[in-house]
Amino acid sequence: MNFKRKDLLGIEDLSPEEIIFILDTAKSFREILERPIKMVPTLRGKTVANLFFEPSTRTRLSFELAEKRLNADALSFSSVGSSVAKGETLLDTAKNILAMKVDCFVLRHVSPGAPHLLARELDVSVINAGDGAHEHPTQALLDLYTIRERKGRIKGLKMAIVGDITNSRVARSNIWGMGKLGAEVRVCGPPTLIPPDIEKMGVKVSYSPEEALEGVDVIMMLRIQKERQKGSLPPSLDEYREFFSLTEERLDLAREDALVMHPGPVNRGVELPARIADGRKSIILDQVTNGVAVRMAILYLLLGRRR
Amino acid sequence: MSQLMDKEDIRRIIQRLSHEILEKNKGTKDLVIVGIQRRGVNLAERVSKMVEQIEGEALPTGILDITLYRDDLTQIAHQPIVRNTDISFSLEGKKVILVDDVLYTGRTVRAAIDVLLDFGRPQKIELAVLVDRGHRELPIRADYVGKNIPTSSEEMVEVKVQELDGKDEVLIIKRGEH
């Protein structure tokens, strides 16, 4: 398989073969994270600029580490305290940084399609680290990697995604990814937080965790995004917890060997009780570790060849 | 295209190389074997088994892939597949026998040495190859050689192993032929 893309903008456009190729490549990079020297010289001399226009801990650090472990130079830009406050546009920001001769942009932005704009206008590689509520492809890829590592496959598995689906780019990217690799996906949340017509993405919709969690192999809990909500949907965090948090009783409805996942950060005591977040079925920290390997694989596939 | 070695030739060479390795290193103490992906891995496994037969002791055996350490990644348009590296034992103070099928420019071995040094500090590294075809571009040499085969750069040396190709043989092919 010849990975010829210039950019990684979303899972929607990837073929199942490309997704599997990325996951297989990530396996080799995962091994590097166990070595005494967690580094390879592969992208020496390349510079990657991480442009984060929205807050992030995991994704930004994960990309920075991935870049450094490949011996590339990592440049991190956060819009807070930058010339964006002086009114500089996204494209101008990118072109100015590009004039400093960087090889790749990793972009997180509030507007869906922002990475696509840069990818179209610039010759360098662009990686989408989250564009509004649209896609977060590297998150979905690390989720797929983690599930495949534990379960040996994706095809035929049943996954339930529970939470604020409307505002979740993680949900959308995972729906694409899991669907393309042959898994069944159910989304669950209060009716106010499930977008109309989401069935068209090939998912089953449920407004009750008791129904959605029945017999599933993988449970992905999402954070209630206070910063994205307008008004009172849900009315309060207490009410959300009452009806949608992953209690022991609800967890027991899933398979005995079900996995509990979360993209982070976890609202302890809201969508996930602390005991379950830290429990033996939770693979949340594995997701984080694998995230570095998956991002290394993507950087290698985009930058580790002649263009 | 012509056959340079057949199955029996290869078997006898592995036998001889294994004896030479044990002779030069005076036994198996601190000895480990690492095969270079892809066919160096199969050859390393055979040397390892042969050594175990001769000395009665199994040697720690690892595999390494050099793709991420290549010096020509930005020049090739086609992405080589990154394969497994598995060195699950310490290299500190060990004598490492690197095994590969063909020694040509020496760049693969240079990359393999860099991989090993990122894993630890061996006491020393020696190189065993089935075929040395000349044309070195770096100051690299093999300690144990199956056969020296002078070639021209128009030719390719192809090693086939049972495990991957269904048969054991070494062929010399003119570029363009196949």
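## Asn174 and its helix

In this predicted model, Asn174(A) sits in helix H6 of chain A, which covers residues 169-180. Is Asn174(A) buried or exposed? Its relative accessible area is 1%, and because the cut-off for buried is under 20%, Asn174(A) counts as buried.

If you would like to look around this residue, leave aside neighbours up to four places away in sequence. The residues that Asn174(A) then touches are Ala140(A), Asp143(A), Met159(A), Ile161(A), Gly179(A) and Met220(A).

## Helix H6 from end to end

Asn174(A) has company in being buried: H6(A) is mostly covered, with nine of its twelve residues buried. Besides Asn174(A), the buried residues of this helix are Arg169(A), Val170(A), Ala171(A), Arg172(A), Ser173(A), Ile175(A), Gly177(A) and Met178(A).

How far apart are the end C-alpha atoms of H6(A)? They are 17 Å apart, and this agrees with the 16 Å that twelve residues should span at 1.5 Å a residue. At the start of the helix, the backbone nitrogen of Val170(A) has a side-chain oxygen of Ser168(A) within 3.3 Å. Just after the helix, Gly182(A) takes a positive phi of about 90°.

## The largest cavity

Turning to enclosed space, the structure holds two cavities of 30 Å³ or more. The largest has about 80 Å³ of space. Its lining is made by Arg58(A), Thr59(A), Ser62(A), Gln139(A), Leu142(A), His262(A), Pro263(A), Ile284(A), Gln287(A), Val288(A) and Arg295(A). Helices H2 (58-69), H5 (137-151) and H11 (284-303) of chain A each give two or more residues to this lining.

Which element gives the most here? That is H11(A), with four residues. By class, the lining has four nonpolar, five polar and two charged residues.

## The second largest cavity

The second largest cavity holds about 40 Å³ of space, and its lining residues belong to chain B: Ile14(B), Leu17(B), Leu43(B), Val47(B), Val99(B), Asp100(B), Ala128(B), Val129(B) and Leu130(B). Both helices and strands take part, with two or more residues each from helix H1 (7-24), helix H2 (39-55), strand S4 (95-103) and strand S5 (124-132) of chain B. S5(B) gives the most, with three residues.

How many nonpolar, polar and charged residues line this second largest cavity? There are eight nonpolar residues, no polar ones and one charged.

Technical notes. Residues numbered from 1 in each chain as written. Chains lettered and ligands numbered in written order. Predicted model: local features only at pLDDT ≥ 70, side-chain atom pairs only at ≥ 80, totals over all residues. Heavy atoms only, no water. 1 Å grid on protein atoms, 1.4 Å probe; cavity = no way out; pocket = protein on both sides within 12 Å on 5 of 7 lines; lining within 4 Å. Points joined across faces, edges and corners; volume = space filled by probe spheres on them. Nonpolar A, V, L, I, M, F, W, Y, C, P; charged D, E, K, R; others polar. Buried < 20%, exposed > 50% of the residue type's maximum accessible area, 1.4 Å probe, protein only. Contact = heavy atoms within 4.5 Å. Expected span 1.5 Å × (residues − 1). Polar contact = N/O pair within 3.5 Å; in protein donor to acceptor, adjacent residues only side chain to side chain.
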